[in-house]
Amino acid sequence: MELKRVVITGLGVISPIGNDIETVWKNAVEGNSGAGPITHFDASKFKTQFACEVKNFDALSFIDRKELRKLDTFSQFSVYAANQAINNSKLKIEEEDRNMIGVIWGSGMGGFRTFQDEMRDYFALGTPKFNPFLIPRVITNIAGAYISIIHGLHGVNFCTTSACASSAHAICEAYNYIRLGKANIILAGGAESAIEESGVGGFNAMHALSTRNDSPATASRPFSKSRDGFVLGEGAACLVLEDLEHALKRNAHIYAEIVGTGLSADAYHMVAPDPEGNGATLVMNNAISDANLKPSDIDYINTHGTSTPLGDIAEAKAIEDVFGQHAYKLSISSTKSVTGHLLGAAGAFELLVSVLAMQHSMVPPTINHEAEDIDEAINPRLDFTFNTTKQRQINYALSNSFGFGGHNASIIVRNAALI
């Protein structure tokens, strides 16, 4: 059978650097960090006292109070991003075959805030009196389910949970469903809201978070020698994926075309990456092969780039292994230097930024690098777009997502001008 072509026709976002596409792009290219002191709880006793929180978010502006009681924060973020993406795509759902519109949504942690609050109340009160919405608020699939409920979407609907690769896997799955003709349109993305005592405390116990409390805005510094861990973030991103033929018939604006995806597993460790970058090498090669491209066709890589000591080295090594001499002609950057790590939402958010970079012919920077802060384990010939945005025509961009447990996903998008 002939496979369908899949394009991106809508974008929606809520993040530490903005709650709409224009603001997110402005802050990304200007290198304005979303990090600051934690306000969700008193973090004064924690090793890490800062994070990249969503700002100026009012769920009651789009969900009534009765419905809001049913939704954890990660689900609220999900609905916000999905609504924005639908509006951005100018999709008129009432005129479409709703049996052919689906939702595939990712989250690594689910209703983390709800679970923590309920258990705190239980231990304080000593009686098993739980909120009747506890289970639907906590389970990770409920965000995508709720999006389908409020919009009446009867197509494919499920949740992907693969830690920090969750929303990237959601997009990979959506891409495959559409190109196999099983859906015309899929809302794909993910959400996370884990800036809570147990989230910060848990990641602190793993020595995964930066403890640069005196300078939160400079704490996320991917590929720099002085990096000491990632900065916890939160938010959601949604991309409207659509059959190209269907998009052209409705005269939709096309942001980019997804031309290939790759999947792999490190099969190495529960939380540490393969130090040789073998899983990362395999997943990028798989995506390039799926797209029927050569490594030299890629112009830009939005890295996983978390600012962890081991992860950045492994990814940099993998890029050299995959691209050879072309690696030194690539533009490379890490969105996480500005946003922190959005965990299960990171893959979708970073693909969204990659699409905007392609649209604007502009590579957003990897911020917080100092000239003397060179990691001897990372080849200085690689262009990480440190600190300053770069003008560049981007025909093909690749976005990487790697999750705890060794779950890897890579997605390649093509400039809409080449369709």
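This passage describes a sheet and the helices packed around it in a predicted model.

The sheet is open and is formed by 10 strands, which follow one another in the order S5-S4-S6-S7-S1-S8-S14-S13-S9-S10, with mixed pairing. Strand S5 (157–160) and strand S10 (331–333) stand at its edges, and because each of them has a single partner strand, one side of each is left without a neighbour in the sheet. On average, and with direction ignored, neighbouring strands of this sheet are turned by 25° against each other.

Several pairings within the sheet can be followed strand by strand. At the edge formed by S10, the partner is strand S9 (residues 300–302), and these two strands pair in the parallel sense over three bridges; within this pair, Ile301 stands opposite Ile332 of S10. Strand S8 (256–265), by contrast, is paired in the antiparallel sense with S1 over three bridges, and also in the antiparallel sense with S14, here over nine bridges. Residue Glu257 takes part in both of these pairings, since in S8 it is the bridge partner of Val7, while it also stands opposite Arg414 in S14. Of the 10 residues of S8, eight are buried, so this strand is largely enclosed by the rest of the structure.

Helices are packed on the sheet as well. Helix H3 (residues 73–89) touches strand S1 (6–14), strand S4 (101–106), strand S6 (185–192) and strand S7 (235–243), and its direction makes about 130° with that of S1. Helix H7 (residues 166–179) lies across a set of strands that includes S1, S4, S5, S6 and S7, together with S8, strand S13 (396–403) and strand S14 (407–415), and it runs at about 175° to S6.

The packing of helices against one another was examined next. Two packed helices are described by the angle between their axes and the distance between the axes. For H7 and helix H13 (residues 346–360), the angle is about 70° and the axes are 5 Å apart, and H7 is therefore roughly perpendicular to H13. In this contact, Ser167, Ala168 and Ile171 of H7 meet Ala346, Gly347, Ala348 and Leu351 of H13; by class, the residues involved are five nonpolar, two polar and no charged.

A second pair consists of helix H10 (residues 278–290) and helix H11 (residues 309–323), which pack at an angle of about 40° with their axes 8 Å apart. These two helices are therefore oblique to each other, and their crossing is right-handed. On the side of H10 the contact involves Ala280, Thr281, Met284, Asn285 and Ile288, which meet Ala318, Ile319, Asp321, Val322 and Phe323 of H11. Seven nonpolar, two polar and one charged residues make up this contact of H10 with H11.

Within H11, Val322 can be described in further detail. Its relative accessibility is 9%, and because buried means under 20%, Val322 counts as buried. When its neighbours within four places in sequence are left aside, Val322 is in contact with Thr281, Met284, Asn285, Ile288 and Pro295, and the first four of these names also appear among the residues of H10 that meet H11. The C-alpha atoms of Val322 and Asp299, which are 23 residues apart along the chain, are separated by 13 Å.

How values were computed
Residues are numbered from 1 along each chain as its sequence is written. This is a predicted model: local features need pLDDT of at least 70, side-chain atom pairs count only at pLDDT 80 or more; totals for chains, interfaces and linings use all residues. Side-chain values use heavy atoms; hydrogens and water are left out. Axes are lines fitted to C-alpha atoms, for helices over the stretch in contact, and angles run from 0 to 180 degrees between N-to-C directions. Helices (H or I, at least four residues) and strands (E, at least two) are DSSP runs, numbered from the N terminus. Angles under 35 degrees count as roughly parallel, over 145 as roughly antiparallel, 65 to 115 as roughly perpendicular and the rest as oblique. A crossing is left-handed if the near helix is turned anticlockwise from the far one by less than a right angle, and right-handed if clockwise. Contact means heavy atoms within 4.5 Å. Ala, Val, Leu, Ile, Met, Phe, Trp, Tyr, Cys and Pro count as nonpolar, Asp, Glu, Lys and Arg as charged, and the others, Gly among them, as polar. Buried means under 20% relative accessible area, exposed over 50%, partly exposed in between (1.4 Å probe, protein chains only). Two strands pair if DSSP finds at least two bridges between them.
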